Amino acid sequence: MHTSSTILWEELPSRCRDTVKELLEFARQTQHFIKPSDINQAISRTLFLLENQTLFQNIKIKKNLKPSLPLVDADIHQMNHVFMNLVLNAAQAMEGKGEINIHTDLSPRKHYIVIEISDTGPGIAKDVMQHIFEPFFTTKQEGQGTGLGLSMVYSIVENHGGSINARNRKEKGAVFTIELPIKNKDSKGVIDEK
Ligand SMILES: Nc1ncnc2c1ncn2[C@@H]1O[C@H](COP(=O)(O)OP(=O)(O)OP(=O)(O)O)[C@@H](O)[C@H]1O
Ligand SMILES: [Mg+2]
């Protein structure tokens, strides 16, 4: 009788093999491995990992990525983590049905890259909004979420000298906006005006 469930790496379909490779690479924990990074590429890579998942079957993802954005000094693995968390949150809020828009651009004075992730979900209630970036804050049922997602996103963005905020759209849904400085200043605090 064949009892082993071992599958040889070569037996995996190539698309699946690529996904596993990506996932392993994605999960690699590198501490502050800052180098000039392509944010559009990090977003595309995150979407590649997510778009075939069941949760995304009835979600339309629209990318509107500004071509030839300057590179930002960033730990690309941590950035992957940021986009993964925000896109997952959006999909979960919409309960797997709706539209996610991802937009990148340069700030008017070209000192920041601006990333906007919006959804067509229920949005965020006022009394929830003030807590969303706190560690362990979740509105999900017990066992469904740790409430660590956004607090990690917040600290990663902050470590990169950037900022993140959330608001509700005039229409349905929530919008998360991240600003990342194109060149990180060594000294803390003073970042060029936008
Ligand atoms: N796009 C969104 N639309 C509506 N509410 C959101 C959205 N993103 C986050 N939230 C709210 O913010 C809360 C905190 O999010 P966070 O990612 O920190 O934790 P979580 O998603 O609940 O748990 P985990 O990330 O561990 O799975 C969520 O429980 C939800 O109430
Ligand atoms: Mg989350």
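**Notebook: strand β4, the core and ligand 1**

I began with E99, which lies in strand β4, and I kept in mind throughout that the model is a predicted one. Is E99 buried, exposed or in between? I find E99 partly exposed, because 16 other C-beta atoms lie within 10 Å, whereas 20 or more would be needed for a residue to be buried. Leaving aside neighbours within four places in sequence, I listed K60, K62 and T120 as the contacts of E99. For K62 I also looked up the separation from E99, which is 37 residues in sequence but 7.4 Å in space, C-alpha to C-alpha.

Next I moved to M94, which sits in the loop between α3 (76-93) and β4 (97-106). I note M94 as buried, because it has 21 C-beta neighbours inside 10 Å. Not counting residues up to four places away in sequence, M94 touches I59, D119, T120 and G121, so I have T120 entered as a contact of M94 and also as a contact of E99. The C-alpha atoms of M94 and D119 are 7.6 Å apart, although their positions lie 25 residues apart along the chain.

I then stepped back to the whole chain, in which I counted 5 helices and 7 strands, following the pattern α-β-α-β-β-α-β-β-α-α-β-β along the sequence. Of its 194 residues, 26% are buried, and among contacts between residues at least 6 apart in sequence, 69% join residues at least 24 apart.

Which residues have the most contacts inside the largest nonpolar core? I noted I39, L86 and I117 in that role, in a core of 32 residues. Among the elements that each supply at least two residues of this core are α2 (39-50), β3 (72-74), β4 and β5 (112-119), while α3 gives the most, with 8 residues. For I117 I wrote down contacts with L86, V87, A90, I100, I102 and F176, leaving aside neighbours within four places in sequence.

My next entry concerns α5 (149-159), in which G149, L150, V153, I156 and V157 are buried. Seen down the axis of α5, these buried residues fall within an arc of 125°, so I take them to line one face of the helix. What covers them includes α3, β6 (163-168) and β7 (174-181). After α5 comes G161, for which I recorded a positive phi, near 75°.

For ligand 1 I found 21 surrounding residues, the closest being A93, T138, G145, G149 and L150. G149 and L150 thus appear here as well as among the buried residues of α5. Both α3 and α5 supply at least two residues of the shell around ligand 1, and the largest share, 4 residues, comes from α3. By class, I entered 9 nonpolar, 10 polar and 2 charged residues for this shell.

Last, I checked the confidence of the prediction: the mean pLDDT of the chain is 85, and 78% of its residues reach 70 or more. Over residues 186-194 the pLDDT is below 50, and this stretch has 11 contacts in the model beyond near neighbours in sequence. Where pLDDT is low, the predicted coordinates should not be read in detail.

How values were computed
Residues numbered from 1 in each chain as written. Chains lettered and ligands numbered in written order. Predicted model: local features only at pLDDT ≥ 70, side-chain atom pairs only at ≥ 80, totals over all residues. Buried ≥ 20, exposed ≤ 12 C-beta atoms within 10 Å, placed from the backbone. Contact = placed C-beta atoms within 7 Å. pLDDT = per-residue confidence, 0-100. Near = placed C-beta within 6 Å. Nonpolar A, V, L, I, M, F, W, Y, C, P; charged D, E, K, R; others polar. Arc of directions from axis to C-beta. Core = buried A, V, L, I, M, F, W, Y, C linked by C-beta atoms within 7 Å.
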